[in-house]
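Biologist: I would love to go through this fold with you, one question at a time. Could you show me the sequence and the structure?

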Amino acid sequence: MIRQVSVNLKNQPGELDRIMEVLENAGHIPAALCITDTSENGILRMIFRNPEEVDGLLSSTGIPSGIGRVILLSTKEERSLGGVFALLSREGFNVEYLYNLQPGCLIFKVQDCSRGEALLREAGFRVLEERDIDWEERL
C-alpha cells in the first residue's frame, strides 16, 4: 500500500490553482493526482514522496487535508485488468476510485485496502510499495 494526500475542494474557479501554488512554492510536485467531483465540491487526491510533510504544509495554510492508504498495482505484466477486478468483485470488494501513477502502475481504493492487497498478492498480482515508485518520473 501507499499513502495518498486528499483535499476537499470547492467546485469553483481558482481553487485548484490556490492549492497547487502552495505546493509548488514549497517544492512539492505530485507524482500523480486525480480529481473527482459532485456539483458542489470535489476531492483532490495526490501521491507524494513525503505525504506527512505535504499534509502539514496544507494544514498550516488553512487547507484541510488528510492522508489515507490506497493500493498500488503493477499492471506491466497484466494482459487484462479484468482478472484483477473480477477477483475483487468475487470477494465482495467495490473499487471506489482509481487512477494511474505511471505507465504500468494503477492506484485504487477499496473499502479494506489491507485485505484487498493480501487477496491480490495471494492471487499472484504484483502489489507495489512506496519504495517501488520512480519518484523522478512526473505526470
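Our questions and answers about this predicted model follow.

Biologist: Let's start with the strands. Which strand pairs with S1 in the antiparallel sense and holds the bridge partner of Gln4?

Modeller: S1, residues 2-10, pairs antiparallel with S3, residues 41-47, over 6 bridges, and there Leu9 stands opposite Gly42. S1 also pairs with another strand in the antiparallel sense, over 6 bridges. The bridge partner of Gln4 is Gly68, and Gly68 lies in S4.

Biologist: Thanks! Which residue of S6 stands opposite Ile71, and also opposite Leu98?

Modeller: Two antiparallel pairings meet at S6: 4 bridges join S4 to S6, and 5 bridges join S5, residues 97-102, to S6. Ile71 faces its S6 residue in one pairing, and Leu98 faces its S6 residue in the other. In both cases the residue opposite is Phe108.

Biologist: How do S5 and S6 connect, and which residue in the turn has a positive phi?

Modeller: The two strands run antiparallel and form a hairpin with 2 residues between them. The phi in question is about 85°. The turn residue that has it is Gly104.

Biologist: How many of the residues of S6 are buried?

Modeller: Two of its residues can be checked by their own values. Buried means under 20% relative accessible area; Phe108 is at 0% and Cys105 at 7%, so both count as buried. S6 as a whole is mostly covered, and the number of buried residues is 4 of 5.

Biologist: Now the helices. Why do the buried residues of H4 line one face of the helix, and what arc do they fall within?

Modeller: In H4, residues 113-122, the buried residues are Cys113, Gly116, Glu117, Leu119 and Leu120. An α-helix has 3.6 residues a turn, so residues three or four places apart point the same way. Seen down the axis of H4, the buried residues line one face because they fall within an arc of 160°.

Biologist: And which elements cover that face of H4, and which residue with a positive phi follows the helix?

Modeller: The cover over the buried residues of H4 includes strand S4, helix H3, strand S6 and strand S7. After H4 the chain reaches a residue whose phi is positive, near 95°. That residue is Gly124.

Biologist: What about H3: how wide an arc do its buried residues cover?

Modeller: The buried residues of H3 are Val84, Leu87 and Leu88. They are on the same side of H3, because the arc they cover around the axis is only 95°. These residues pack against S4, S6 and H4. Just after H3, Gly92 takes a positive phi of about 85°, while the arc asked for is 95°.

Biologist: Which aromatic pair links distant parts of the chain, 23 residues apart?

Modeller: The count comes to 2 aromatic pairs. One of them is edge-to-face, 6.4 Å centre to centre with 75° between the planes. One of its rings is partly exposed, at 28% relative accessibility, and the other is buried, at 0%. With one ring in helix H3 and the other in strand S6, the pair is Phe85 and Phe108.

Biologist: And is the pair of Tyr97 and Tyr99 stacked or edge-to-face?

Modeller: The centres of Tyr97 and Tyr99 are 6.5 Å apart. Tyr97 is buried at 12%, and Tyr99 is buried at 7%. The planes are 20° apart, and planes under 30 degrees apart count as stacked, so the pair is stacked.

Biologist: Which charged residue sits over the ring of Tyr97?

Modeller: Its charged end is 3.6 Å from the ring centre of Tyr97. The residue is Arg45.

Biologist: Last one, on the cysteines: how many disulfides are there?

Modeller: A disulfide needs two cysteine sulfur atoms within 2.5 Å. For Cys34, the nearest cysteine sulfur is that of Cys113, 14 Å away; for Cys105, the nearest is that of Cys34, 16 Å away. Cys34 is buried at 12% relative accessibility, and Cys105 at 7%. Neither Cys34 nor Cys105 is in a disulfide, and the count comes to 0.

Definitions and conventions: Residues numbered from 1 in each chain as written. Predicted model: local features only at pLDDT ≥ 70, side-chain atom pairs only at ≥ 80, totals over all residues. Heavy atoms only, no water. Buried < 20%, exposed > 50% of the residue type's maximum accessible area, 1.4 Å probe, protein only. Arc of directions from axis to C-beta. Contact = heavy atoms within 4.5 Å. Pairing = 2+ DSSP bridges. Phe/Tyr/Trp six-rings, centres within 6.5 Å; stacked < 30°, edge-to-face > 60°. Lys NZ or Arg CZ within 6 Å of the ring centre and 35° of its normal.
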